[in-house]
Amino acid sequence: QVHLVESGGGLVQAGGSLRLSCAASGSIFRLNAMGWYRQAPGNQRELVANITRDGSTNYADSVKGRFTISRDNAKNTVYLQMNSLKPEDTAVYYCFAEAVVNYYGTTSPYWGQGTQVTVSS
């Protein structure tokens, strides 16, 4: 079993910054891709950014140039630095990780519990 614990959400004014962290623990052989999704009320969950184990990144168009995803493989942790925040960034942010869970290379997806980010105008 793999557990993801997010931290760093909160309330911030438009133009401000927040940094989200997500630490993975449990029976982890290796973490492949990690990332962040978000879901606003009434909307579907959408990809914000993801990062491969070797550091290749991918961003939603709406956050390019404002958000930066990074990871520390030694700590099994992924980060999301969010700058120039806008009210439309308000959502619950969920951490995601694809974990290799045994010697055969079996992978499984895991999700964190979510952290609220609220941006006031």
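**Exercise 1.** Is S21 buried or exposed, and what is its relative accessibility?

*Solution.* In this predicted model, we begin by locating the residue, and we find S21 in strand β3, which covers residues 18–26. The next step is to read its relative accessibility, which is 18%. Since buried means under 20% relative accessible area, S21 counts as buried. As a last step we list its contacts, leaving aside neighbours within four places in sequence: S21 is in contact with V5, E6, S7, W36, V78 and Y79.

**Exercise 2.** Describe the backbone angle phi, the place and the exposure of N76 and of S84.

*Solution.* We take N76 to start with: this residue is not a glycine, yet its phi is positive, at about 50°. N76 lies in the loop between β7 (67–72) and β8 (77–82), and with a relative accessible area of 22% it is partly exposed. Turning to S84, we again find a positive phi, near 50°, in a residue other than glycine. S84 is placed in the loop between β8 and β9 (91–100), and its relative accessibility of 41% makes it partly exposed.

**Exercise 3.** Identify the residues with the most contacts inside the largest nonpolar core, and the strand that gives this core its largest share.

*Solution.* The largest nonpolar core has 30 residues, and those with the most contacts inside it are W36, L80, M82 and Y93. Several strands supply at least two residues each, among them β1 (2–7), β4 (30–39) and β11 (115–120), while the largest share, five residues, comes from β9. Finally, we look at M82, whose contacts beyond four places in sequence include L18, L20, F67, Y93 and V117.

Notes:
Residues numbered from 1 in each chain as written. Predicted model: local features only at pLDDT ≥ 70, side-chain atom pairs only at ≥ 80, totals over all residues. Heavy atoms only, no water. Helix = DSSP H or I, 4+ residues; strand = E, 2+ residues; numbered from the N terminus. Buried < 20%, exposed > 50% of the residue type's maximum accessible area, 1.4 Å probe, protein only. Contact = heavy atoms within 4.5 Å. Core = buried A, V, L, I, M, F, W, Y, C linked by side-chain atoms within 4.5 Å.
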